[in-house]
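Subject: The structure we talked about

Hello,

Here is the structure I promised to pass on to you. Have a look at it first, and then read on for my notes.

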Amino acid sequence: MADLKLFKINGQKAKVITPSDFKYEKQIQKLCEDNLEEFFGIRFLATEYSTGNKHKGRIDSLGIDENNCPVIIEYKLDSKENVINQGLFYLDWLMDHKADFEMLCLEKFGKKTEVDWSNPRLLCIARDFTKYDDYAIDQINRNIELIRYCVFDSDYVIFELASSTVQKGNGAIESKGATAKYRTIQEAKESSSDELLNLFEEIETFIFALGDDVQKKELKYYYAYSRIKNFVCAEIRSSKNTIILYVKVPFSKVANPAKFMRDVSNIGHYGTGDTEITITSLEDFEIAKSLIEKSYNES
């Protein structure tokens, strides 16, 4: 990001726009909180959320992402600030106060939210990070994302996923005694044929090849592939020998949709995306590739 240059073109003349910066941390915090869903696919819940008298502290921003996972967001201006340790403290606090978070969701959205506690996230947003920050998160078994920002003329802002780590062994597990209504993604995978798994591997290889910034998250019933926001979600339907993809492209913008694509913008489903693609063969997948790539480019 430090090497990024933005030019304004006036006729045939190019003029470089010099990056600026916020004077106060609150400025980047306010900008992000006002646009959390647009920037990061996160629904805003609270700002400066108090952790109480016993664990004195305030979480900069608290939200819930498009996969219904809790998100803690911490901001910093100075790369010397140890915002990661602070965020980890708040993550631990949050896992001990699940009822408080779920009540906050109820108050904010007016209905009960099925929170996915298997994948809580920590987002650290800063002008820059050091090599020690990158190294530190690699040693921590948590979902942590370091996001750089760059401001130009106070009118333009760019976000870049600088580094991230995904918690290992964090797949959602049914509580003891609970009756599962649907197969989890792991159960579906274990009961799939070799042919279906090979097809899924082809799809996943293509998704990862779209860019170095692609991240994979295992949720209870599906996989989510994201940059900073989801761009495709995948379900494995072993009983029907199919793979279902949801992409973030409005169905109205799909040119000549195939028969195995449909509009699900008003139909409840797991994952995110308004267009559903049902893939049963490599031929289907070849047709779907351009739509997956479009969703990636626009995410």
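Let me start with the cysteines, and please keep in mind that this is a predicted model. Which cysteine sulfur is closest to that of Cys105? The closest one belongs to Cys69, but at 11 Å the two sulfurs are too far from each other for a bond. Cys105 itself is buried, and its relative accessible area is 0%. Cys150 tells a similar story: its closest cysteine sulfur is in Cys32, 13 Å away, and that is also too far for a bond. With a relative accessibility of 1%, Cys150 counts as buried. In case the term is new to you, a disulfide is a covalent bond that joins the sulfur atoms of two cysteines. How many disulfides does a search of the whole structure find? The count is zero.

Now for the aromatic rings. Searching the whole structure gives twelve aromatic pairs. One of these is made by Phe40 and Phe159, which meet edge-to-face, with 5.1 Å between the ring centres and 70° between the planes. Where do these two residues sit? Phe40 is part of helix α2 (residues 36-40), while Phe159 belongs to strand β9 (residues 156-165), so this pair ties together parts that lie 119 residues apart in sequence. Both Phe40 and Phe159 are buried. Another edge-to-face pair is that of Phe89 and Tyr90, with centres 5.7 Å apart and an angle of 65° between the planes. Are the two partners buried or partly exposed? Phe89 is partly exposed, at 37% relative accessible area, whereas Tyr90 is buried, at 5%. Going back to Phe40 and Phe159, you can add Phe39 to them, since the three form one aromatic cluster.

Some rings also have a charged partner. Arg43 lies over the face of Phe109, 5.1 Å from the centre of the ring. In the same spirit, look at Tyr223: the charged end of Lys216 sits over its ring, at 4.2 Å from the centre.

Next come the salt bridges. How many are there? The count comes to 16. I picked out a few for you to find.

- Asp34 and Lys30 join their side chains in a salt bridge, with 2.6 Å from N to O. Both residues belong to helix α1 (residues 25-34) and are four residues apart, which is about one turn of the helix. Lys30 is partly exposed, with 47% relative accessible area.
- Arg148 and Glu160 form a salt bridge in which the closest N and O atoms are 3.1 Å apart. Arg148 is in strand β8 (residues 143-152) and Glu160 is in strand β9, so the pair ties together parts that are twelve residues apart in sequence. Arg148 counts as buried at 16% relative accessibility, and Glu160 counts as partly exposed at 29%.
- Lys294 and Glu298 meet in a salt bridge with an N to O distance of 2.8 Å. Here too there is a single helix to look at: both residues lie in α8 (residues 282-298), four residues apart, about one turn of the helix. Lys294 is partly exposed at 29% relative accessible area, and Glu298 is partly exposed at 48%.

There is also a network: salt bridges link Asp65, Arg121, Glu145 and Lys217.

Let us move to the surface. Which residues form a nonpolar patch there? They are Phe7, Ile9 and Val16, and together they have about 290 Å² of accessible area. Val16 is in strand β2 (residues 13-17), and its relative accessibility of 42% makes it count as partly exposed.

For contrast, try Ile277, which you will find in strand β15 (residues 275-279). Ile277 is buried, with a relative accessible area of 0%. How far from Lys259 is Ile277 in space? Their C-alpha atoms are 9.2 Å apart, and in sequence the two residues are separated by 18 residues.

If you want a place to begin, turn the model to Phe40 and Phe159, the edge-to-face pair, and then go along strand β9 to Glu160, which is bridged to Arg148.

Enjoy looking around, and write back with any questions.

Best wishes

Terms used:
Residues are numbered from 1 along each chain as its sequence is written. This is a predicted model: local features need pLDDT of at least 70, side-chain atom pairs count only at pLDDT 80 or more; totals for chains, interfaces and linings use all residues. Side-chain values use heavy atoms; hydrogens and water are left out. Patches are made of residues with over 30% relative accessible area and no salt bridge: like charges are joined within 9 Å, nonpolar side chains (Val, Leu, Ile, Met, Phe, Trp, Tyr) within 5 Å. Accessible areas come from the Shrake-Rupley method with a 1.4 Å probe; for residues, only the protein chains shown count as cover. A salt bridge is a side-chain nitrogen of Lys or Arg within 4 Å of a carboxyl oxygen of Asp or Glu. Buried means under 20% relative accessible area, exposed over 50%, partly exposed in between (1.4 Å probe, protein chains only). Rings of Phe, Tyr and Trp (its six-membered ring) pair if their centres lie within 6.5 Å; planes under 30 degrees apart count as stacked, over 60 as edge-to-face and the rest as tilted. A charge sits over a ring if NZ of Lys or CZ of Arg is within 6 Å of the ring centre and within 35 degrees of the ring normal. A disulfide is a pair of cysteine sulfur atoms within 2.5 Å.
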